[in-house]
Amino acid sequence: MAKEWTLLVLCGILGSGLSAKPSWFRNISTNLFKSPGDILIGGLFPINELTSELSKRVKPDDLECNSISTYGLSLALAMKFSLDEINAKENLLPGITLGFESYDSCMQPAVVMRPVLQLLTKESTEELDVTCNYTDYKPRVIAIIGPNSSELVPVIGKLIGFFLMPLISYGATSDMFSDKETFPSFMRTVPSDRWQVAAMVQLLKEFGWNWVSVVGSDDEYGQKGQQQFSSMANEESICVAYQGLIPVYSDPEQAVKEILNRIVDAKVGVVVVFSLPKPARDFFIEVIKRNMTGVWVASTAWALNDVVSTLPGINSIGTVLAFADITRPLDLFTPYIRELFTKMEEMQIPQEPDTEISPLDNPCTRCSHLSQANVSMVEIKLVQRSAFSVYTAVYCVAHALHDLLGCNATHCTLNPKTNNVYPWQVPMSTCSSDCGIGQVRRVKGFHSCCFDCIDCKEGTFLNSSDDIQCKSCPAGQWSTLRSTSCVYPIYTYLDWSNYESIGLILGGILVLVSHVWVGALFFRHRGTPLVKTAGGPLTGLMLLSLAGECISLVLFLGQPGDVVCRLQEPLNAFFPTVVLSVILTISLQIVCITEFPEKSSDHLDNIRGRGSLFVILGCCGLQAGLCGWYAQEAPSLTQYVASLEVTYVKTFLRCPVEPMLNFGLMLGFNVVLALVSFMATFMALKPPGQYNLARDITISTLSYCVIWVMFIPIYTSLNDKEKSIAQVGVSLLSNMGLVATYFFPKCQLLVKHPELNTDDHFRTFLEGVPPTPPEES
């Protein structure tokens, strides 16, 4: 009996010892998000959830995050717990205290930038200095813990990397952040998605499942995970029947229905869901509605999340195989939170939350009402697992500072109160730094640990970090400097939304408007002497051809194709031929009147009738032959692209202008027509007191010749994109030049001086009466 009592006493003593609170619990501060210290650490946590609609955002400051996320708040408290525990240890950073500032990320890029800029401000100020060198710049924090999402790291990672401030994430798993070139100061305490994807593929291979679908959330996490899984699955002969993305920033209902329809059509029994929790919830709500069953392979982001596991009817969807990171429980975390909330409950003063306080000052105004009744929020399994990642991230910073400050169990060599400590400083002792991506090692001296890093040049790549030399790209592919793979080239073109394209389109519209206006004015005055001498019905043909050329220039915009390339240059050359051939017929009439006055009245009708028709048809027929010859000899776009020697990753693609001889003949023929008309009218006498038709032809054909002759040397010195822009621009300019110099003077007479639109004012050209030189006085 005495022994039994002795055992009970011992158990009671041991039990009371185990349940005793650590002494440092007595010093817990009730300030949840800020604490002073010799060195500050920043924290980014999804403390609140978005309550604004992104589609209605019109100002850079009207996003609201007013719904508390107990998960994000719990992680912020895990950071506070970790730092209080570290400060209580006398042998880790003796004589030095760590403080912190935690901010809300709201899981939104537009929200997270404000606290990041705040954390980068100069120590003890609210100012962010702009300098050329940040080596001696001391920001307010030494490192940042977070963010929790792969979606936010691309937004802030490069900015923080510029300062070389450690950014230690407890939840961003995308493999792209392992690139130290792009994210030089990014670290994490969770495994990369590459390991998770590899495990998924091995699981499918183990069960012999080789016909699967992959669904991801339409964000950085889901997109990269889906891509990596598809790539690894292909290497293991696992066929991906369908891939779909669940919208994150818009209503996903219709997209989810389409995804499920495609999964059903593909007759797939296994679906890998690589998604954030909320998109996964939206996805499985529809799965439950349809009573679909199958095997669902869950990624770590939603595998243990309550928003999915607590859905009504989730047990009816079949089998869920979930992946989760290995962690260990934090035994003191829950007792710490209980003690913290007890203190807060005792200190509470009943008041309404102040909505005017900035989120930078207090990211959770309603958290002042937390009490012991809220302790359960940190006991959730997902929180317990994620809290360990936050805990290890904080301890990483503490141990790095322990080494940087030269600390032992009793004191530190450096003191942040008197010595400058910068975020970019974790000590090194290496002969050579690790080579970067796309660099090979060239050993120097007698030691293999000493080497130079040689960049892989353009057109070569480093297949593996173990390779001793860069490999050349295969035919048809190219690479940029320091590449790890080669890619097929990307071709750009004059897209409709480009500034250059928009400018050309507006110019074309302006020219077309001038055609319509001139055409309407001439049609209104059809049959009058002026319109007859200008060409009569042929002026309509001229204006239609000018409009046709203007419209055909759209073939130079947008993505080129084989058919488009066959038509581009021929149409651009043929339409001006029609206009210039009509002008040529009028020029011949002027020559007949001025050079052969005694015969002009007898033959003028024939020249204007059948003669003009033969000239126009002859010129157009000859140009059509040249255009047909060009189209036949020119290579198709497909053939042209296949024949290119690829020495680029990205380049502008235009239709091949080959053979140059044929191209020159088409344009040269038009210049010859204009030149003949110019020579025919250049020396023609001005009819005294009558309209000078020869002047309009002289000026219009001269302007056309000058424009296209100047185009030749300019064209040859331009790159492909500039050549396309220049040709369209010069075509519009020459088109407008013909309208302005040939038609506008006649329009001015019709509008300003209609009294001159008489037979007397145009008698020389209407009746074939030769002009009489003015008498000398």
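Q: In this predicted model, what is the handedness of the link of Cys 473 and Cys 486, and what angle about the S-S bond goes with it?
A: The sulfur atoms of Cys 473 and Cys 486 are joined as a disulfide, with an S to S distance of 2.0 Å. The angle about that S-S bond is -80°, and the link of Cys 473 and Cys 486 is accordingly described as left-handed.

Q: How many residues apart in sequence are the parts that the pair of Cys 473 and Cys 486 ties together?
A: Cys 473 lies in the loop between β17 (471–472) and β18 (490–492), and Cys 486 also lies in the loop between β17 and β18. The pair therefore ties together parts whose separation in sequence is 13 residues.

Q: Is Cys 486 buried or exposed, and with what relative accessible area?
A: Residues count as buried when their relative accessible area is under 20%. The partner in the disulfide, Cys 473, meets this with a relative accessible area of 15%. Cys 486 has its own value under that limit, so Cys 486 is buried, with a relative accessible area of 14%.

Q: How many disulfides does the structure hold?
A: A disulfide is a covalent bond between the sulfur atoms of two cysteines. One of those in this model joins Cys 364 to Cys 367, and another joins Cys 407 to Cys 412. The total number of disulfides in the structure is six.

Q: What is the angle about the S-S bond in the link of Cys 407 and Cys 412?
A: Cys 407 and Cys 412 are both buried, and their sulfur atoms are 1.9 Å apart in the disulfide. The link of Cys 407 and Cys 412 is right-handed, and the angle about its S-S bond is 105°.

Q: What is the handedness of the link of Cys 364 and Cys 367?
A: The disulfide of Cys 364 and Cys 367 has an S to S distance of 1.9 Å, and both of these cysteines are buried. With an angle of 85° about the S-S bond, the link of Cys 364 and Cys 367 is right-handed.

Q: Why is the sulfur of Cys 550 without a bond to the closest cysteine sulfur, and which residue holds that sulfur?
A: Cys 550 is buried, with a relative accessible area of 6%, and Cys 747 counts as buried too, at 1% relative accessibility. A disulfide requires cysteine sulfur atoms within 2.5 Å. The sulfur of Cys 550 is 17 Å from the closest cysteine sulfur, which is too far for a bond, and the residue that holds that closest sulfur is Cys 747.

Q: Which are the edge strands of the open sheet with the order β10-β9-β11-β12-β13?
A: This open sheet has five strands, and its pairing is parallel. An edge strand pairs on one side only, and the strands for which this holds are β10 (239–246) and β13 (318–322).

Q: In β10, which residue is the bridge partner of Ser 217?
A: Strand β9 (residues 211–217) and β10 run parallel and are joined by seven bridges. Ser 217 takes part in this pairing, and its bridge partner in β10 is Ile 246.

Q: What angle does the direction of helix α6 make with that of β9?
A: Helix α6 (residues 220–235) packs on the sheet, where it touches β9, β10 and β11. Helix α5 (residues 193–207) lies across β9, β11 (270–274), β12 (294–298) and β13, and runs at about 175° to β11. For helix α6, the angle between its direction and that of β9 is about 160°.

Q: In β7, which residue is the bridge partner of Ile 145?
A: An open sheet of six strands has the order β1-β5-β2-β6-β7-β8, with mixed pairing. Within this sheet, two bridges join strand β6 (residues 144–145) to strand β7 (residues 167–169), and these two strands run parallel. The bridge partner of Ile 145 in β7 is Ile 168.

Q: At roughly what angle do the axes of helix α2 and helix α11 cross?
A: Residues of α2 including Leu 77 and Phe 81 meet residues of α11 including Tyr 336 and Leu 340. By class, the contact of α2 with α11 has eight nonpolar, one polar and two charged residues. The axes of helix α2 (residues 70–88) and helix α11 (residues 333–347) come within 11 Å and cross at roughly 100°.

How values were computed: Residues are numbered from 1 along each chain as its sequence is written. This is a predicted model: local features need pLDDT of at least 70, side-chain atom pairs count only at pLDDT 80 or more; totals for chains, interfaces and linings use all residues. Side-chain values use heavy atoms; hydrogens and water are left out. Two strands pair if DSSP finds at least two bridges between them. Helices (H or I, at least four residues) and strands (E, at least two) are DSSP runs, numbered from the N terminus. Contact means heavy atoms within 4.5 Å. Axes are lines fitted to C-alpha atoms, for helices over the stretch in contact, and angles run from 0 to 180 degrees between N-to-C directions. Buried means under 20% relative accessible area, exposed over 50%, partly exposed in between (1.4 Å probe, protein chains only). Ala, Val, Leu, Ile, Met, Phe, Trp, Tyr, Cys and Pro count as nonpolar, Asp, Glu, Lys and Arg as charged, and the others, Gly among them, as polar.
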